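Here are my notes on this one, written up as numbered points. Have the model open while you go through them.

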Amino acid sequence: MRTEDKNLVEAAKIPAQRYHHGPLGQVLQRFLDQQGAAQDDFSLIELEQLWQRAAQHDPAIGLHLFSLFTRQDWHVLAYMGFFAANVRQSLDSWVRYASLASAMDSVSYVEEGEHLVVRISVEVPPALERYLVEHYMSMAMTQLRAASGQHWLPERASFRHVRPDYAEEYVAFFGEHLRFSAEANQLWFAKNTLELPMPGRNQALFETVCAELDRRLAQQQRFGGVTGKVAELARQQLLQGDTPTLEQLAGSLHQTPRTLRRRLQEQGLTFRQLLDTVRAELDDYLQMQGLTRAQIAEQLGYSDTAAYLHARKRWL
């Protein structure tokens with residue numbers, strides 16, 4: 001084989017960075033299709049590029065995108081708000097299970113006097129942060145209103161990004177008390193509104209869903225110490241479409257493969273067992289994102305669906 005032919009074969013084996021799989025990217029793609037945006041294969045476009053292309057047609061797409069979601073696009077966490085007893089229980093479930101819905105953000109809250117302050121942190125490049133913060137926060141308010149049957153607003157809201165030209169559109173979602181270029185992305189809720197009951201509350205169904213999500217959360221968080229670091233690195237690579245190897249992860253941790261293998265064995269694990277566990281957790285996560293079996297197989301580094309289904313038997 002000629003050298004140039006060999007290089008072409010090796011290049012063809014490099015996995016595509018298909019960051020936008022899942023409802024978020026799919027809805028962005030539908031929006032661009034509706035705008036007549038010319039693109040042969042949106043599946044090869046990174047999420048940041050999709051947002052930027054969408055913003056060329058609608059600068060406030062971050063605020064508007066969730067209105068384009070169908071109920072089939074909704075994550076299970078969105079439905080939990082309908083079954084929750086009240087607004088507080090709905091917010092609690094959002095904070096507790098956010099990591100199952102997205103690998104890019106985390107949600108927490110603190111109590112400040114008569115307010116509950118919900119904070120959203122997004123670990124993405126600055127150019128992408130504004131879009132995702134707008135999307136997650138407007139989505140949260142839309143879902144809370146739909147579940148409670150009332151059009152209510154947070155007491156105030158703050159955002160890390162600079163004030164956009166379309167800032168007046170924030171008022172419909174977050175009220176008039178807005179702050180931009182703030183230290184954190186936060187929503188303030190008056191505590192007396194948190195007991196607002198949900199008309200469709202169903203505690204038995206809510207607890208059933210929580211039990212399953214708790215199982216998945218425990219699986220995601222089972223590792224600690226060096227195994228936790230290895231698992232997180234493996235998870236990141238798989239989400240980016242790359243199949244991690246022991247040698248790659250050892251290098252990232254500034255260890256030799258032999259040392260890393262020994263440290264895993266000290267905790268009763270082989271690298272394959274750890275990778276299987278990470279894949280099992282991601283299998284649940286990607287299913288909840290709405291990916292097909294074929295897409296999950298590709299994301300987890302399998303050559304075809306049959307190989308993925310065969311390996312999956314080891315996890316269950």
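1. Start with helix 7, which in this predicted model lies across strand 1, strand 2, strand 3 (156-158) and strand 5. Relative to strand 5, helix 7 runs at about 20 degrees.

2. Now the sheet itself. It is an open one built from 5 strands, in the order 1-2-5-3-4, and the pairing is mixed. Strand 1 and strand 4 (178-179) sit at the edges with a single partner strand each, so one side of each has no neighbour in the sheet.

3. Helix 6 (residues 87-101) also packs on the sheet, where it touches strand 1, strand 2 and strand 5. The direction of helix 6 makes about 135 degrees with that of strand 1.

4. On to the strand pairings. Strand 1 (residues 105-112) and strand 2 (residues 115-122) run antiparallel and are joined by 8 bridges. If you want a register check, Ser106 has Ser121 in strand 2 as its bridge partner. The hairpin of these two strands has 2 residues between the strands, and Gly113 there takes a positive phi near 60 degrees.

5. Strand 2 is also joined to strand 5 (residues 185-190), by 6 bridges, and this pair runs antiparallel. Here Ile120 stands opposite Asn185 of strand 5.

6. Back to helix 7, this time for its contact with another helix. The axes of helix 3 and helix 7 (residues 126-148) come within 10 Å and cross at roughly 75 degrees. That angle falls in the 65 to 115 range, which means helix 3 is roughly perpendicular to helix 7. On the helix 3 side you'll find Glu48, Trp51, Gln52 and Ala55, and these meet Ala127, Leu128, Tyr131, Leu132 and His135 in helix 7. By class, the residues of this contact divide into 6 nonpolar, 2 polar and 1 charged.

7. Which residues make the contact between helix 2 and helix 3? First the geometry: helix 2 (residues 23-34) and helix 3 (residues 47-57) pack at an angle of about 35 degrees, with their axes 10 Å apart, and the crossing is left-handed. Helix 2 brings Leu24, Gly25, Leu28, Phe31 and Leu32, while helix 3 brings Leu47, Leu50, Trp51, Arg53, Ala54 and His57. Sorted by class, that contact has 8 nonpolar, 2 polar and 1 charged residues.

8. One residue to look at twice is Trp51: it is listed in the contact of helix 3 with helix 2, and it also takes part in the contact with helix 7.

Technical notes. Residues numbered from 1 in each chain as written. Predicted model: local features only at pLDDT ≥ 70, side-chain atom pairs only at ≥ 80, totals over all residues. Heavy atoms only, no water. Axes fitted to C-alpha atoms, helices over the stretch in contact; angles between N-to-C directions. Helix = DSSP H or I, 4+ residues; strand = E, 2+ residues; numbered from the N terminus. Left-handed = near helix turned anticlockwise from the far one by under 90°. Contact = heavy atoms within 4.5 Å. Nonpolar A, V, L, I, M, F, W, Y, C, P; charged D, E, K, R; others polar. Parallel < 35°, antiparallel > 145°, perpendicular 65-115°, else oblique. Pairing = 2+ DSSP bridges.
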